[in-house]
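Colleague: I would like a close look at one part of this model. Please start from a single core residue, then work outward through its surroundings.

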Amino acid sequence: MSDRFMIYGATGYTGKLVARTAKMQGLNPLLAGRNEARLKSIAAQHGFEYQAISLDEPEAIDAGLSQVDTVLHIAGPFSQTSKPMVDACIRTGTHYLDITGEIDVFEACAARDEEAKKAGVMLMPGVGFDVVPSDCLAAHMKARMPDARELTLGIAGLSNMSHGTAKTGIESIGKGTRVRRDGKIVSAKKTPRREIDFGHGAKPSIAVGWGDVSTAWHSTKIPDITVYFESNPQFEQMAKMGRATRWLMSRGFMQRALKKRIEQQPEGPSDAERAEGYAILYGEAVGPDGERVQSRLTTPEGYTLTAMTGLEIVRRVLAGEAKPGYQTPSAVFGPDFIAEFEGCSYQDLNS
């Protein structure tokens, strides 16, 4: 083993951004992915080594991981790519980090907690914008209201999505809006809506099946959790879909058509758009007597923050701060971890 790490999926929008940020920070990752020609080009820009590895070839994955201590897995959709990489990490004793936002991926990793502990491996999916800031905010709300029964998280400021993020959204259409009730993940019969003040007055917000429906419970054990996004036309369209429409949109031929359309869009936000962008997260915890506490968290633009948090967690894992088993960011690094990053700050709205 060495103190090196692998960026797997270095040829996508987020992968290229993370590789560029790693170079700026003086890190020396091994770049990996499926497309050798693209890998070679990106590696040459930064002076990094690279290795073309298919997730369909377990021996090749194992050989690649044997050169590193940790993998930062960025190749989505994680519903398809996470399991073979986690399998390989457990086989080779490599710590697993990814940037997923998919509930099912979090739950699948959580189900392998004991297996990972026996292998001495940490499984920490969601080391990017989903879910580092929202997970830390959830833990912050739990600290403010230790006996909380309900947790609401709201997110505003997400605009331009990468191809990978958009495709993940397409894949979730058939699952409806998932929330957590009495500690269990369920699909809401009707998509919850509410007004949330993200700092500029109350805005219409729509519930979404965001990763925190999974992770916030593992971090806080608050039994009822709902995650909202500030409303926009795309979310409104999704929320208004009936069961039959969702079923149709989840069929293979429709999924392929929708993803093909995504490929024709810009790859992700430009550097200028990222520099100007920011996000506001809202947290609300309600106790058994109805008392509530509210907080806001301001962060840089989501993809920018993903590169920052993902690489910092890599750095900490390489420094020996990994905890074997399934872990969430706040469980290992604490609720104030997010506040250590430039441009991130909490605002408690009541006390």
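Modeller: Start with Ile313. Setting aside neighbours within four places in sequence, Ile313 is in contact with Leu97, Met124, Val127, Val132, Phe333 and Phe337. Keep in mind that this is a predicted model.

Ile313 belongs to the largest nonpolar core, which has 87 residues. Met6, Tyr8, Leu31, Leu65, Met85, Leu97 and Ile313 are the residues that touch the most other members. Leu97 therefore appears twice: as one of these residues, and as a contact of Ile313. Helix α14 gives the most to this core, with seven residues. There is also a second, separate core of seven residues, and Phe198, Tyr228, Ile280 and Tyr282 are among them.

Now follow the two phenylalanines that Ile313 touches, Phe333 and Phe337. Ring pairs join them with Phe341 into a cluster. One pair in it can be described closely. Phe337 and Phe341 have ring centres 5.1 Å apart, and their planes meet at 90°, so the pair is edge-to-face. Are these two rings buried or exposed? Phe337 is buried, at 0% relative accessibility. Phe341 is buried too, with a relative accessible area of 11%.

The structure holds four aromatic pairs. Another of them is Tyr13 with Tyr303, also edge-to-face, at 5.2 Å centre to centre and 85° between the planes. This pair links distant parts of the chain. Tyr13 is in helix α1 (residues 13-24), while Tyr303 is in helix α14 (residues 302-321), 290 residues apart. Both partners are buried: Tyr13 has a relative accessible area of 15%, and Tyr303 has 10% relative accessibility.

Next, the loop with Gly334. It runs between α15 (329-333) and β16 (345-348). Gly334 counts as buried, at 17% relative accessibility. Leaving out residues up to four places away in sequence, Gly334 touches Cys136 and Pro329. The sequence gap from Gly334 to Cys136 is 198 residues. In space, their C-alpha atoms are 7.0 Å apart.

Cys136 leads to the cysteines. How many disulfides does a search of the whole structure find? It finds zero. Take Cys344. Its nearest cysteine sulfur is that of Cys136, 9.2 Å away, and Cys344 is in no disulfide. Cys344 is buried, at 8% relative accessibility. Cys109 is a similar case to check. Its closest cysteine sulfur is in Cys89, at 9.6 Å, which is too far for a bond. The cut-off used here is 2.5 Å between the sulfur atoms. Cys109 is buried as well, with a relative accessible area of 2%.

One more site involves a ring, this time with a charge. The charged end of Lys221 sits over the ring of Trp217, 4.4 Å from the ring centre. Lys221 comes just after α9 and takes a positive phi of about 60°. Helix α9 itself covers residues 212-220. Within α9, Asp212, Val213, Ser214, Thr215, Ala216 and Thr220 are buried.

To return to the starting point: Ile313 contacts Phe333 and Phe337, and those two rings belong to the cluster with Phe341.

Methods:
Residues are numbered from 1 along each chain as its sequence is written. This is a predicted model: local features need pLDDT of at least 70, side-chain atom pairs count only at pLDDT 80 or more; totals for chains, interfaces and linings use all residues. Side-chain values use heavy atoms; hydrogens and water are left out. Rings of Phe, Tyr and Trp (its six-membered ring) pair if their centres lie within 6.5 Å; planes under 30 degrees apart count as stacked, over 60 as edge-to-face and the rest as tilted. Helices (H or I, at least four residues) and strands (E, at least two) are DSSP runs, numbered from the N terminus. Buried means under 20% relative accessible area, exposed over 50%, partly exposed in between (1.4 Å probe, protein chains only). A charge sits over a ring if NZ of Lys or CZ of Arg is within 6 Å of the ring centre and within 35 degrees of the ring normal. A nonpolar core is a set of buried Ala, Val, Leu, Ile, Met, Phe, Trp, Tyr and Cys residues joined through side-chain atoms within 4.5 Å. Contact means heavy atoms within 4.5 Å.
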